[in-house]
Amino acid sequence: MPQIDSREIVSRGLMLLLIFSIFYFAIFNFNSSSSQIKRDILEFFLAGFSLFLSWLIFWGTTTLLAQPQHGPRNRSLRYYSTCFIIIYTLMIFILFILKKSLHFSGEMEIWPYYLRHFPYACLIFCVYLYRENKKHQIERLVAKANKIMEDHRTRSQNQSHEQSEKPLMMQADGSYHKIYPSTISHISVDGHYLDIYYFNEKEPECLMVRKPLSQMTEELPSPPFYRVHRSHIVNLLYASKIDKSSNNYSISLSVNDYTLPISRSYLETVLSAFKSIH
């Protein structure tokens, strides 16, 4: 039996519930009578609960019955459309069961209600599908980037390119230090300073310089240097793996087991860059 990622199911259900709430209150009539507003708010809570419950029932059952699959799944529009119809239908039936049990005074004809709200449900589904598509694109890029790093794990990371590249002159401790870009693994912000991690004759060292990270970004060649976070620049030739924990991504380096966070705003650029640097 495959392991159920209950946290993933719940988080996606909550995201769908958030999208539903935004659309519901976007068309909410606040100029109605107080009794009508109370009835509409009650229906909102009943519909939201029904949606979330139908989501948990459907995906919980689907996950239990599904065959284990490794790596990102390729899912078609037909697959998502079928899931949408099942979840929406299940939601409407749960909603009307709740209405009958609470003796709700609103609309009680199930099929007219089903058809009348179907266009709104389709719109919510499209927004959710767009978000899921972006998420699966990221998953595919992560898998491809990790595959590229795995294929090149035996490369010579510290190969000298001193004859073909221009060194950087860094001022620190009252003197200038000559550092070749190919020897730099990553750079991190430390207060008003930058920590430059590099190799000096194959020995790892760290040089602290006073310089803005934005200026350092302009001085380094791209590729292979990419900004992965507002506080970090990484030489992707030293990257060993990209990991995901919850909804956060991080990049591991093959130097002293460093792990740095990747911001959402830089994620797609960094993942796409692996195709050009290896």
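This is a guided tour of one protein chain, to be followed with the structure open in a viewer.

**The whole chain**

Begin with everything displayed, and keep in mind throughout that this is a predicted model. The chain holds 7 helices and 10 strands, and of its 278 residues 41% count as buried. About 16700 Å² of the chain is exposed, with carbon and sulfur atoms supplying 57% of that area. If you consider the contacts between residues at least 6 apart in sequence, 58% of them join residues that are at least 24 apart.

**Helix 1**

Select residues 6-26, which make up helix 1. This helix of 21 residues reaches 30 Å from its first C-alpha to its last, close to the 30 Å expected at 1.5 Å a residue. Now colour its buried residues, among them Ile9, Arg12, Gly13, Leu16 and Phe20. As you look along the helix, remember that an α-helix has 3.6 residues a turn, so residues three or four places apart point the same way.

**Helix 3 and the residue after it**

Move on to residues 77-101, which are helix 3, a run of 25 residues that reaches 36 Å from first C-alpha to last, close to the 36 Å expected at 1.5 Å a residue. Its buried residues include Tyr80, Phe84, Ile87, Met91, Ile92, Leu95 and Lys99. Just after the helix, select histidine 103, where the backbone takes a positive phi of about 55 degrees.

**The largest nonpolar core**

Which residues touch the most other members of the largest nonpolar core? Select Phe20, Trp55, Trp59 and Ile92, since these are the ones that do so among the 32 residues of that core. The elements that give two or more residues to this core are helix 1, helix 2 (34-65), helix 3, helix 4 (110-116) and helix 5, and helix 3 provides the largest share, with 9 residues. Zoom in on tryptophan 55 and, leaving aside its neighbours within four places in sequence, you will find it in contact with Ile9, Arg12, Gly13, Leu16, Gly60, Ile87 and Tyr128. Several of these partners were met earlier in the tour: Ile9, Arg12, Gly13 and Leu16 are buried residues of helix 1, while Ile87 is a buried residue of helix 3. A second, separate core has 22 residues, including Ile138, Ile251, Leu253 and Leu260.

**The sheet of five strands**

Next, display the open sheet in which 5 strands lie in the order 5-4-3-7-6, with antiparallel pairing. Strand 5 (203-209) and strand 6 (225-229) stand at its edges, and each has a single partner strand, so one side of each is left without a neighbour in the sheet. Neighbouring strands here are turned by 20 degrees against each other on average, with direction ignored. To see one pairing closely, select strand 6 together with strand 7 (residues 232-235), which run antiparallel and are joined by 4 bridges; within this pair, arginine 227 stands opposite isoleucine 233 of strand 7.

Stay with this sheet and select serine 185, which lies in strand 3 (residues 184-190). Is serine 185 buried or exposed? Its relative accessibility is 1%, and because buried means under 20%, serine 185 counts as buried. Apart from its neighbours within four places in sequence, serine 185 is in contact with Tyr197, Tyr198, Val234, Asn235, Tyr238, Leu253 and Val255.

**The sheet of three strands**

Finally, turn to the open sheet in which 3 strands follow the order 8-9-10, again with antiparallel pairing. Its edge strands are strand 8 (239-245) and strand 10 (259-262), each of which pairs on one side only. Neighbouring strands of this sheet are turned by 30 degrees against each other on average, direction ignored. Add helix 5 (residues 118-151) to the display, and you can see it packing on the sheet, where it touches strand 8 and strand 9 and its direction makes about 150 degrees with that of strand 8.

Strand 9 (residues 248-253) pairs with strand 10 in the antiparallel sense over 4 bridges. In this pair isoleucine 251 stands opposite leucine 260, and serine 250 has proline 261 as its bridge partner. Strand 10 has two faces to compare, a covered one with Leu260 and Ile262 and an uncovered one with Thr259 and Pro261. The last stop is asparagine 256, which takes a positive phi near 55 degrees in the hairpin of strand 9 and strand 10, where 5 residues lie between the strands.

Definitions and conventions
Residues are numbered from 1 along each chain as its sequence is written. This is a predicted model: local features need pLDDT of at least 70, side-chain atom pairs count only at pLDDT 80 or more; totals for chains, interfaces and linings use all residues. Side-chain values use heavy atoms; hydrogens and water are left out. The expected span of a helix is 1.5 Å times one less than its number of residues. Buried means under 20% relative accessible area, exposed over 50%, partly exposed in between (1.4 Å probe, protein chains only). Contact means heavy atoms within 4.5 Å. Two strands pair if DSSP finds at least two bridges between them. Axes are lines fitted to C-alpha atoms, for helices over the stretch in contact, and angles run from 0 to 180 degrees between N-to-C directions. Accessible areas come from the Shrake-Rupley method with a 1.4 Å probe; for residues, only the protein chains shown count as cover. A nonpolar core is a set of buried Ala, Val, Leu, Ile, Met, Phe, Trp, Tyr and Cys residues joined through side-chain atoms within 4.5 Å.
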